[in-house]
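Subject: A structure for you to look at

Dear colleague,

I am handing over a structure that I would like you to open and turn around on your screen while you read. Please keep the sequence beside it as you go.

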Amino acid sequence: MSEEQANKEIVIEAYQRTFGDLDVAAIDEFFSKDFKQHNPTIADGPEGVKALVRMLSSQGVPRQKIEFKHVVAEGDVVILHSRYEMAGAEWRFIDIYRVENGQLAEHWDAMMQMPEVRANANSMF
C-alpha cells in the first residue's frame, strides 16, 4: 500500500470516528499529542478536538455517516471534501490534515453552510 493510500485510510477513519460517531476516545488514538490546529476557534492538541466534539454533542449534532465526496492525498497531506449536518443545516467542509507517524499531526479547514437561496444551480460537489 502506498503512503498516500495509508494516510487516506487513517484520516477517513479518524474523521468518521471523531466527527461522525462523535467518539471522544478516538481522539487519543488518532491525534498526535502535539496536534497543531490552524482553525483559530479551536485550541491546539487533542484536548482542543475533544472540546469541539463535546460542544457538537451538547448542541445536538447527530451521529452521522460522513459523506466523503473527494479524498486527495499527496505525501503526508490528505484533503477531505465532505458533507456534514450541523445545527439543522447542511454544510460542506474542506479539511486538510498532515499525517505523521500514523497520526493526525496538523489541520486546516474551510466550511460553508448550504445557502437557502442560491445564485446558481451547480452542485457544491
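What follows is an account of what was found in it, from the whole chain down to single residues.

Please bear in mind from the start that this is a predicted model.

The chain as a whole

The chain contains three helices and five strands, and if you follow it along the sequence you meet these elements in the pattern α-α-β-α-β-β-β-β. Its radius of gyration is 14 Å, close to the 14 Å that the globule rule gives for 125 residues, so the chain is as compact as a globular protein of that length. Along the principal axes, the C-alpha trace spans about 45 × 35 × 25 Å.

The sheet

The five strands form an open sheet with mixed pairing, in which the strand order is 1-5-4-3-2. Strand 1 (31-37) and strand 2 (67-74) are the edge strands, and each of them pairs on one side only. From one strand to the next, the twist averages 25 degrees. As a general reminder, the strands of a sheet pair through backbone hydrogen bonds, either parallel or antiparallel.

Starting from the edge at strand 1, you will find that strand 1 pairs with strand 5 in the parallel sense over three bridges, and that Phe31 stands opposite Leu104 in strand 5. Strand 5 also pairs with strand 4, here in the antiparallel sense and over ten bridges. Two places to look for this pairing are Tyr97, whose bridge partner in strand 5 is His107, and Asp95, which stands opposite Asp109 in strand 5. Strand 4 and strand 5 form a hairpin with two residues between them, and in its turn Asn101 has a positive phi of about 55 degrees.

Strand 3 (residues 77-86) and strand 4 (residues 89-100) run antiparallel and are joined by ten bridges, with Phe93 in strand 4 as the bridge partner of Ser82. These two strands also form a hairpin with two residues between them, where Ala87 takes a positive phi near 55 degrees.

The helices against the sheet

Helix 1 (residues 3-20) packs on the sheet and touches strand 1, strand 2, strand 3, strand 4 and strand 5 (103-113), while its direction makes about 145 degrees with that of strand 2. Helix 3 (residues 45-58) lies across strand 1 and strand 3, and runs at about 80 degrees to strand 1.

In the loop between strand 1 and helix 3 you will find Asp44. If its neighbours within four places in sequence are left aside, Asp44 is in contact with Phe35, Lys36 and Gln37. Asp44 and Ala14 are 30 residues apart in sequence, and their C-alpha atoms are 17 Å apart in space.

The largest pocket

Which residues lie nearest the centre of the largest pocket? They are Ile42, Leu52, Phe93, Asp109 and Met111, out of the 21 residues that line it. The volume of this largest pocket is about 310 Å³. Helix 1, strand 1, helix 3, strand 3, strand 4 and strand 5 are the elements that give two or more residues to its lining, and the largest share, four residues, comes from helix 3. Sorted by class, the lining of the largest pocket has 14 nonpolar, five polar and two charged residues.

When you look at the pocket, it may help to return to the sheet: Phe93, one of the residues nearest the pocket centre, is the bridge partner of Ser82, and Asp109, also among those nearest the centre, stands opposite Asp95.

With best wishes

Technical notes
Residues numbered from 1 in each chain as written. Predicted model: local features only at pLDDT ≥ 70, side-chain atom pairs only at ≥ 80, totals over all residues. Heavy atoms only, no water. Pairing = 2+ DSSP bridges. Axes fitted to C-alpha atoms, helices over the stretch in contact; angles between N-to-C directions. Contact = heavy atoms within 4.5 Å. 1 Å grid on protein atoms, 1.4 Å probe; cavity = no way out; pocket = protein on both sides within 12 Å on 5 of 7 lines; lining within 4 Å. Points joined across faces, edges and corners; volume = space filled by probe spheres on them. Nonpolar A, V, L, I, M, F, W, Y, C, P; charged D, E, K, R; others polar. Rg over C-alpha atoms; globule rule 2.2 N^0.38 Å.
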